[in-house]
Structures are given as C-alpha cells and as structure tokens.
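Me: Please take a close look at one part of the structure shown below and describe it in a connected account. I should like to know how that part is built, what surrounds it and which contacts hold its neighbourhood together.

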Amino acid sequence: MARSLVGSLPLFSLPYNKNSISLITPLHLSSSAAAMPAASAAAHPSFEILGGARDRFLPALSHLSRPYRPFPLLAANRHVETIFAAFFRSVPDVRLRRECLRTQDGGAVALDWVSGDARRLPPDSPLLILLPGLTGGSEDAYVRHMLVRARSNGWRVVVFNSRGCGDSPVTTPQFYSASFLGDMREVVSHVTGRYPDANVYAAGWSLGANILVRYLGQESHNCPLSGAVSLCNPFNLVVADEDFRKGFNNIYDKALTKALCKIFKKHALLFEDIGGEFNIPQAANAKSVREFDDGLTRVSFGFMSVDDYYSNSSSSDSIKHVKTPLLCIQAANDPIAPNRGIPREDIKENPNCLLIVTPKGGHLGWVAGEAAPRGAPWTDPLVIDFIQYLERGAVKAPETSTNPGSKEALYHLEV
C-alpha cells in the first residue's frame, strides 16, 4: 500500500498548451484578504456545520452567514445539477506548463503549473496543489475555476494529474488508486523541495479528496502541508459503492467505467502477459467501476477482494488522525459521495477539522451563488477564504498534555 518517500526526480518538463490564452493576474493578495477577519455573524441555518475546529475557523468564512441559494430549476434534481455542471460549466482559458515527475517505482505523474508563474511570483508565494476526481485532470472545469481564483489572489497553483489522467504518461503496469499514497508523497516532497520558503496547501475533489484526507491522516504530525480542503469526498467507499449501483447512479457508473477503460486501453501493452490474479480482459471490457477494480486495481495494490480494497481505502478512518487544518465541504444530496458516509463523530472530535454540508449541490456541482449557472462552483470563495485565513494568520490548535510542543499544540503560519 503506501510507501515511504525516499526522493523523486523530474523526468522532463515541456510546454502544455491545452488553451492558448495566458493567465495574467495580480501578484498580491487581494485587499479583502489583507486583514484578519472580524467575528462573523452566525452561520445561516441552511448549512450543517460541525467540527472540533468550528470556533477556530468559522469566523473566517463570512459566506456562511448568507443562505445557500441554488440556481432555480437546476437544483430541483441532484442529477440534473450534477450533469449540468459536468457538461455546461464554463472552462477558463489558462496557459499551462507541464512537468512530468518520475516516481520511485519508475512510473510518472504530470504536474501542470500556470505558465510564467515561475518568473512572475516570488518564491515564497503560497502554493496550492489541486487533486482532481477519478479520471479527472487539469482540463476539468471545476479544477480550472479553482486554479484561476487562487491565482488571482497571488497563489502559485499546480494540478496533480494522476497516472493516466489528464494525458499523464503511464510508464509501468500500475495506475493510481484510492489506497496508494506513494505518488502523493512524492509530489508533496517535490513541490516543497522546489519552494522551501512557501507554505503549501492542497485541495481535492471526490477520489482526489479521499486520497488527500488519507494522506493527511497517515502523515499526521509529520504532514508538511499547512492546510487542506476536501470537497465531495466519498469518505466511506463501501457505502459509496453500495449507492453507486442503485437507480440513476448507474449512469455515472457507466460513464466513469468508460473513462477508466479508455485510459487502460491506451496503455494495455504494458499489462501484456502480466499473469498473477490480474484479469485483463475483465478490466478492458468492464461494465462497472467495481468490475474494473476487481480485474485490475485491487490486484495491483495487493487486496484480496474489491470489498477489501474499498474497506481499507476509505478516508473516513483517517479523520481521527488528521493534525493539519482541514475543511470538508459536502452536499447533502450528493449522489456519488453519500451523506450517510460522512464521519461526523470523528470530525466533531478532531480539533483540526470543520465540516460544511450544503442542502443542495449534487456531485461536483454547487450551481449556486453569483457565478451561477455556468461560472465557478459556489464553494470556490469558501475554499479561498479558508486557506487565505490560514496563510495570513497564526492559527493555534488546542494544546495537548501528551505532546504540548507538537504541531497540534501550536500551529503557526507566517506569510
């Protein structure tokens, strides 16, 4: 499963011009972020808000004092909102520069940076790593919108495209999974090594959020990240798998399976004559994500069964070990990340975690707010407010008698 990190070397770096227009934005923090937030009004009752860090972080999130207003008609059905956001949300034009990172096992992942930021931004600019969802990458609308918003506030941003995703190269007979944290460790090590004077944060969506939270939990006190945001996290993969195979959710299952099979078939020669428990024909022709995981993923990462893989790869079990400031944002009607899978009790008891649950939003939707219907998700300003708050202030966690000098006892950030 997860491996310890020894080091990583860049494989190659090349221009990545998915779009042709460069993003030129201010290099300073916005005026609204220049001062510490005043105590905010009480959060609006349209949100479910809980967590051991509620009193620490809630004053920074002024958006929560206003009601959640989903866009009319679209939010009437969670599937309509999810599909609309996936197909009709605008995709900002950003010129990216691609860097491929060789991993310890001979694989590679693709890091997409905003072109020109290496020259324009100071080396100590705060840095945000973005982790897309299953089969997602830097071309996805929700990723691009977050990238643009963070960059406009003076942040350096990099998108972590997992193996095979976002046209990332596949050089070994192994993709990525919900269980494998080796690539995440190497990416964080590489990024923090390149910008040692910068505070580094991360935000992940869906499966990317699950991987991020598992990473935070496993690294615990030793985590080099200064803060993180989890969005649309399925948390409990066993529960998510159960719901994924019910009713209309079969549409999402088929769509994601088709995307997985497409990635696999591009690199099928790497798996030729691989032997063992692998069922390559089943993976190549899978009709569900579960079938694909049974034929390929669970075998690659050493699990006895698909249920064993899902059970041992769920980030719900990691929350209790998180020592890094973490904001979790979920939609109560998410069809892919079930509301009942959220580890509410562990989040309540963790002094570093805050959970926000919106009444609507679907999966990766959140078609609400001033930018609706085709603009940025409602969550984007909330994410920025949270990480800006961490970046510009001293954030103190409750001191523990067992380890008063630890990261949990005193969490100090400096711009």
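Reply: The account below begins with one strand and then moves outward to its neighbours.

The model is predicted, so local features are reported only at pLDDT of at least 70 and side-chain atom pairs only at pLDDT 80 or more, while totals for chains, interfaces and linings use all residues. Residues are numbered from 1 along each chain as its sequence is written, and side-chain values rest on heavy atoms, with hydrogens and water left out.

The part chosen is strand 7, which spans residues 200-205. Strands (E, at least two residues) and helices (H or I, at least four residues) are DSSP runs, numbered from the N terminus. Six of the six residues of strand 7 are buried, so the strand is largely enclosed by the rest of the structure. Buried here means under 20% relative accessible area, exposed over 50%, and partly exposed in between, with a 1.4 Å probe and protein chains only. In a regular strand, side chains alternate between the two faces of the sheet. In strand 7, Val200, Ala202 and Gly204 point one way, whereas Tyr201, Ala203 and Trp205 point the other way. Residues of both sets are buried.

Strand 7 has parallel partners in strand 5 (residues 127-131) and strand 8 (residues 227-231). Two strands are taken to pair if DSSP finds at least two bridges between them. Five bridges connect strand 5 with strand 7, and Leu131 stands opposite Gly204. Strand 7 and strand 8 are likewise joined by five bridges, with Ala228 as the bridge partner of Ala202.

The connection from strand 7 to strand 8 involves helix 6 (residues 207-219), and these three elements make a right-handed β-α-β unit. A crossover is called right-handed if, with the strands pointing away from the viewer, the path from the first strand over the helix to the second runs clockwise. In the loop between helix 6 and strand 8 lies Ser220, a residue other than glycine with a positive phi, near 50°. Ser220 is buried, at a relative accessible area of 14%.

Helix 6 is also linked to another helix. Arg185 and Glu219 form a salt bridge whose closest N and O atoms are 2.6 Å apart. This pair links distant parts of the chain, with Arg185 in helix 5 and Glu219 in helix 6, 34 residues apart. Both Arg185 and Glu219 are buried. A salt bridge is defined as a side-chain nitrogen of Lys or Arg within 4 Å of a carboxyl oxygen of Asp or Glu, and the structure holds 19 of them.

Leu131 and helix 6 lead on to an internal space. The whole structure contains three cavities of 30 Å³ or more, and the largest has a volume of about 70 Å³. A cavity is a set of points, on a 1 Å grid over the protein atoms alone, where a 1.4 Å probe fits but cannot get out; lining residues have an atom within 4 Å of a point. Grid points are joined across faces, edges and corners, and a volume is the space filled by probe spheres set on the points. The lining of the largest cavity includes Leu131, Phe160, Cys165, Tyr176, Gly208 and Ile211. By class, this lining has six nonpolar, four polar and no charged residues. Ala, Val, Leu, Ile, Met, Phe, Trp, Tyr, Cys and Pro count as nonpolar, Asp, Glu, Lys and Arg as charged, and the others, Gly among them, as polar.

Another residue in that lining is Ser162, and the residue numbered next takes part in a further contact: Arg163 and Asp105 meet through their side chains in a salt bridge (3.0 Å, N to O). Asp105 lies in the loop between strand 3 (96-102) and strand 4 (108-114), and Arg163 in the loop between strand 6 (156-161) and helix 5 (182-194), so the pair ties together parts that are 58 residues apart in sequence. Arg163 is buried, at 2% relative accessible area, whereas Asp105 is partly exposed, at 26%. The loop between strand 6 and helix 5 also holds Asp167, which has a positive phi of about 65° although it is not a glycine. At 48% relative accessibility, Asp167 counts as partly exposed.

Note on methods: 1 Å grid on protein atoms, 1.4 Å probe; cavity = no way out; pocket = protein on both sides within 12 Å on 5 of 7 lines; lining within 4 Å.
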